[in-house]
Every structure is written in structure tokens, then in C-alpha cells.
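Trainee: Before we look at anything in detail, could you take me through how one reads helix packing, burial and record annotations in a model of this kind?

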Amino acid sequence: MGTGRLYAAVAAGGFRRYATYRVATAAGVFTNTVFGFILAYTYLALWHEKPDLGGYDQAQALTYVWVGQAMFAVMVLGSVGFEEELIERIRTGDIAVDLYRPVDLQLWWLAADMGRALFQLLGRGVVPMVCGALFFDLALPSGPLPWIACLVAVAFGALVSFAIRYIVALWAFWLLDGAGAMQITWLTGVFFSGMLLPLNVFPGALGDLARVLPWSALLQAPADVLLGEADPLGTYAFQLAWAAVLLAVGRLIQSAATRKVVVQGG
């Protein structure tokens, strides 16, 4: 089997793996939809008091809410993905077997996570978005091009999400327990991705900082592309730049971890 076909099979396996959890998927859809309604009515009250807050009108703000609910599981905002399994393999020492396999560890987990992200987009992202559109006046584009541009931004955002979580997981080689690092990453991601409030609402230096951090590539960037508030090409460049940097850092940490395993094994 060629390398490309191998990683495509891994991605397909990641998709099928999450597709088997039908009850969990239904529960996730229900939860995202309920939280979407809660946030939507909160935003309605907030934008009623402060129209055009952050440069959004009320319809754009409501659209942002439902894009956020659609992206919640895709970008692993407030939950865990492959990193929990990878940390466990590091803790138990099973990772040594993975490192000696004739496949690239980073690409293997990336392929599996992209399969997961695609399933979460289809399985948990579509229904909340449709519910939001049925019950609220959303600022949704009428033509296909903004949707396509948004989906590209979602794909690049998922790549950045993986790169962040891969780095965090690899720190388990040097930490006794990776749970603390995962929790810090979860809290940081929820806040700086714009899951609670759009980043353009953040004041002053905090807003400027939030918009240049990698977490803004996960939700704020795809939402702004869909809403027509950001240039897609500029957004892609920003996302890919962060992905390249973070994937490179992950590969450096992976190399150091491999040397550590070899030394210990020797």
C-alpha cells in the first residue's frame, strides 16, 4: 500500500471509529443545540443593549453563535480527541512500538484526527446550524462560494487544532501526567478561540493579542470568512502559517522524544 493510500485509510478509519458512537453523537448534537439557544438569547440581549458590538450586527452575532456550536466538536473546543489516547500510550510505554513502526507518527495521528474532524462536522455540525437557521434570523450567504471558502478555513483550522494538541500530548514524555496540560489547553482554547465571545469584542491589547494567537484560527477565522468580514486568502495564509510553525515544533518535540525513548531502551 502506498504512503498516501495508507494515511487515507487511517483517516477513513478515524471517521468510521467516531461514526460508531451514535448515542454519543446524538447526545452531542442535543447539547450543542441547547447551548446554542442559550448563547443565542444571551447574544440577543447583549446586542440589543449594544448594537454593532465588535462590528457585528445582530444577525451576524447570532450566526457566529451557531457557527461556534457547529465547530465545537470539529475543533475539539472544550473536549478531548486523539491526545488523550496518545498521552495514555506515552504513559504506558506503548508509544515505543509506534515510534519503531515504518510510518510517520505525526502524520498517522494527523490523518486519524482529520477523519474524526470530518465526521464531527457532518455528524455534529450540520444539525445545530440548521436549527439555528430555522429559529433565528441569521446572516447566511446565499451563494455557494462563501460556504466553500468557509469550509476551506474550517479544514485549515482543524489542522491548527491538531498541531496544538499534538504538542500538548507529546509533553507527556516529560510530565508525570498530561491531564494538567490538557486542561490548560482546553481553557485557553475556549477563551482565545472566541467560543464564549467573538474576539473582535475583546477590548484593546487583549483583543489584538487574541486575534494573532493560533486559537483564533479555529473559530473566529472560519466564522469571519462565512460572514464576509475577512479576506479568505489572508485568513488561509494566517492559518497555514500557524499550522506550519506548530507542526514543525511538534516534529522537533517528537524527535527529542524519540531520542529519549532510544536512550532509555538502550
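Mentor: Let us begin with one pair of helices, keeping in mind that this is a predicted model. In helix 4, the residues F82, E83, L86, I87 and I90 meet F162, R165, Y166, A169 and L170 of helix 7. Sorted by class, this contact holds 8 nonpolar, no polar and 2 charged residues.

Trainee: At what angle, roughly, do the axes of helix 4 and helix 7 cross?

Mentor: The axes of helix 4 (residues 82–92) and helix 7 (residues 144–170) come within 9 Å and cross at roughly 20°. Angles under 35 degrees count as roughly parallel, and helix 4 and helix 7 are therefore roughly parallel to each other. Their crossing is right-handed.

Trainee: How do the axes of helix 2 and helix 3 cross?

Mentor: Here an angle over 145 degrees counts as roughly antiparallel. The axes of helix 2 (residues 22–49) and helix 3 (residues 58–71) come within 9 Å and cross at roughly 155°, which makes helix 2 roughly antiparallel to helix 3. Helix 2 passes helix 3 in a right-handed crossing.

Trainee: Which residues make the contact of helix 2 with helix 3?

Mentor: From helix 2 the contact draws on N32, T33, F35, G36, F37, L39, A40, Y43, L44, W47 and H48, while helix 3 supplies Q58, A61, L62, Y64, V65, W66 and Q69. By class, these residues divide into 12 nonpolar, 6 polar and no charged.

Trainee: Turning to a single side chain, is D113 buried or exposed?

Mentor: For burial one compares the relative accessible area with a cut-off, and a residue under 20% counts as buried. D113, which is found in helix 6 (residues 105–135), has a relative accessible area of 2% and is therefore buried. Leaving aside residues up to four places away in sequence, D113 touches F82, F162 and R165. These three residues also take part in the contact between helix 4 and helix 7, F82 from helix 4 and both F162 and R165 from helix 7.

Trainee: Finally, which residues does the UniProt annotation "transmembrane region" cover?

Mentor: An annotation is best set beside the coordinates, span by span. According to the unreviewed UniProt entry, "transmembrane region" covers residues 21–44, 64–82, 121–140, 146–174, 186–206 and 236–253. In the model, residues 236–253 are 100% helix and 0% strand, with end C-alpha atoms 25 Å apart. Residues 121–140, by comparison, are 75% helix and 0% strand, and their end C-alpha atoms lie 18 Å apart.

Note on methods:
Residues are numbered from 1 along each chain as its sequence is written. This is a predicted model: local features need pLDDT of at least 70, side-chain atom pairs count only at pLDDT 80 or more; totals for chains, interfaces and linings use all residues. Side-chain values use heavy atoms; hydrogens and water are left out. Axes are lines fitted to C-alpha atoms, for helices over the stretch in contact, and angles run from 0 to 180 degrees between N-to-C directions. Helices (H or I, at least four residues) and strands (E, at least two) are DSSP runs, numbered from the N terminus. Angles under 35 degrees count as roughly parallel, over 145 as roughly antiparallel, 65 to 115 as roughly perpendicular and the rest as oblique. A crossing is left-handed if the near helix is turned anticlockwise from the far one by less than a right angle, and right-handed if clockwise. Contact means heavy atoms within 4.5 Å. Ala, Val, Leu, Ile, Met, Phe, Trp, Tyr, Cys and Pro count as nonpolar, Asp, Glu, Lys and Arg as charged, and the others, Gly among them, as polar. Buried means under 20% relative accessible area, exposed over 50%, partly exposed in between (1.4 Å probe, protein chains only). UniProt positions are given in the numbering used here, feature names are shortened, and annotations may be inferred rather than shown by experiment.
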